[in-house]
Amino acid sequence: MSSTIESQRFPYGNLPENLIAFAEHLRHTTQRFNLGPGEVEDALLALEAVQLGSLQEVRLALKLVFCSNLEQERVFDDLFFQFFLPGRKRIEAQPNAHKASPGNQGETGQKSQPARNNPSETLLDPRSPLAQGKARLAEESYTNDWAAPLLKAMFSRTGGSETPEVEILQQDLDAMLHAATQLVNQVRLGRSRRWVSTPKGTRFHFRRTLRKALHTGGEPLYPAWQHHPKRQPRFLFVLDGSRSMQSYSDRLLQFAFALRTRCNRVEVFVFSTGLKRITRELEKAGSLSERPRLSRLGQAWGGGTQIGENLLYLEQKYGGLIRGDSIVIIASDGLDTGAPEVLDYALRQIHQRSAALIWLNPLLKNQGYNPHANCMKTALPYLDRFCAAHTPEEYAQLTHRLRLRK
Amino acid sequence: MSQAEINPLLTTVEGIQAVLHERNYIADLPMATALRLVMALRKPLLVEGPAGVGKTQVAKTLAEVLDTRLIRLQCYEGLDTAQALYEWNYPKQMLHIRLTENSGSSIAQREAEIFSEAYLLRRPLLEAISQDKPPVLLIDEIDRTDEEFEAFLLELLAEFQVTIPELGTVRATHRPYVILTSNRTRELSDALRRRCLYLWQNYPSFEKEVEIICTKLPGINVRLAQKIATVVAHLRELPLNKAPGVAESLDWAEALVSLHQEALDMGVLEQTWGVILKDKDDLTLVEAHKQRIAELVA
């Protein structure tokens, strides 16, 4: 949305129109406020309940109605001031190009830049490790002139604007599928606390037993049972698709494909300078083509490595996928260009939320390799397993006797 | 009965702050505004934040302020409708079946009899929508439940009605004031969030924490309260597994008052770490930052 055009139209003649325009403005930000007419109606009712003359109360009331998570809550104030009091604007909100209306492109004469999927600094407090780490990195690159072109080169993708199609390796695919099955079956998460009906169980299902008893004069001749179902594990596979991982990525992608094929509760992400969720692409690749391949991986493939930032983005954007029954597998060589503070913060969060955190480092197979790089040193305390896997048999052993924390 | 009839102060944000303060709850402006909107819009309020910042307490205080019942549903993994909404009184039903065995009524008739309100055991959610006076319904730690239960809550939170297959739809006689709390151990669904007002309750500022301590423990030395707030604020900046909340600050203050301590020193601090730090790794970490803490205490 063009701010010039918006400012020409704004303010409107009445409160509802202004609120509708504000809701529209919020929808087009990177935080993706999910607002419909119901929220606008609630906002109007909320403004009736507070003092309209108090800017603070109006802002707080709108924040309570329009925000639905912490990320939105943290940027709301800036968006509010940016919209209603442009003179008091504090930070720029990133326009969300994916959701921006196409008509706006013509009016400004420029195409909107796609919103980067790196975490915005505005998501975190300035004292947070992310903000501090980023600030330090920026400071270092500013004081060292030589660092800027190097960083640029590291963050850029290999030539061309489009990543080539990535094909799923066919060699040993059957063995890898078998390994994935083994890996899933090895996980023992115990039983859920829920009760479900089963022909045999440990507890009477009273309601069912009673219904059946109606047919036998109140005698519970055919008891129904309940038991606790087994907890099914979830897997979250995060694959480093950067240039330094190129010689290992084929096998890792094949493993991701096999795991997704064998288990429904699998989410797969790739990252390089950006992060991309490829679960659906893997599903499609498997069902439509005899030679499954992935395309349009963009910044998530073949570029430099920002492990910490991408893991933090994963935790913040897709945190809901990491639960007490999730096993997170990160496959990376640990050659990171980001600040270790960011990685430390991200891994701490992932470690706390998940049942187990596994780091697959292909370099571990190399003789003489020691995880002395900053990234690996930071990561090691949070890992439940640190290993390498190259053959299907080794992949099958990833969860063997793995001790789950939850 | 409207809030204005209960207490005219409840119709303004400042009034709500004052009323809560009378009951020793220090509400900042966002919290007071949230409660004002809960009363005006009758929408559920989802309060997220770290453990021990007063999320549960606000529901208790609101019930006191409104002079109404507090109905609490403590969530946990495996919570289902039988524990949250309703259950049938099976022994009573069984007895009825036996007694009416030779009554000549059909199975359908007998089924309708035993699955009627007389045999219904009301659990917190059903209880909350069947009150004569709107209660405060506290759904505590919603993030601990399964997704299935969260989905089940949607009907209740949007329409204030629940559907019991055997009885039909039960609508709320009076809409309860609903407060949901979450420690963010897992992400809640967008559908649930959209049905609620949202408030992020963070750790209090230094000044607010001192005020809370002094309000809850009127006899405490203000300087001691300030030291407690300073140390606790520093601890929260460390990457602890379990950062101390306001509840821990209050426990610590109470412990120090009980030990007749008028000031903080490292000796007392080391004796009472267990009141605020509940994790072995955290104790080790804090040990490494002892020097900085000693400076703060001094």
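## Exercises on a predicted two-chain model

Over residues 41–202 of chain B, the chain is 36% helix and 23% strand, with end C-alpha atoms 24 Å apart. Helices (H or I, at least four residues) and strands (E, at least two) are DSSP runs, numbered from the N terminus. This is a predicted model: local features need pLDDT of at least 70, side-chain atom pairs count only at pLDDT 80 or more, and totals for chains, interfaces and linings use all residues. Residues are numbered from 1 along each chain, chains are lettered from A in the order written, and side-chain values use heavy atoms, without hydrogens and water.

**Exercise 1.** State how confident the predictor is in each chain.

*Solution.*
- Recall the scale: pLDDT is the predictor's confidence in each residue, from 0 to 100.
- Chain B averages 88, and 98% of its residues score at least 70.
- Chain A averages 76, with 73% of its residues at 70 or above.
- Look for weak stretches in chain A: pLDDT stays under 50 over residues 1–8 and over residues 91–127.
- For the complex, the ipTM is 0.86 and the pTM is 0.71.

**Exercise 2.** Describe the interface of chain A and chain B.

*Solution.*
- Count contacts (heavy atoms within 4.5 Å): 44 residues of chain A touch 47 residues of chain B.
- Buried area is the accessible area (1.4 Å probe) that two parts lose on being put together, summed over both.
- Here it is about 4,300 Å², 54% of it on carbon and sulfur atoms.
- In chain A, L64(A), R207(A) and L214(A) lose the most area to chain B, together 18% of what that side buries.

**Exercise 3.** Work out how α10(A) and α6(B) are oriented.

*Solution.*
- Locate them: α10 spans residues 206–213 of chain A, and α6 spans residues 90–99 of chain B.
- Fit axes to C-alpha atoms over the stretch in contact; angles run from 0 to 180 degrees between N-to-C directions.
- The axes come within 11 Å and cross at roughly 5°.
- Therefore α10(A) is roughly parallel to α6(B), a label for angles under 35 degrees.
- The contact residues are F206(A), R207(A) and L210(A), with Y90(B), Q93(B), M94(B) and I97(B) opposite.

Terms used. Parallel < 35°, antiparallel > 145°, perpendicular 65-115°, else oblique.
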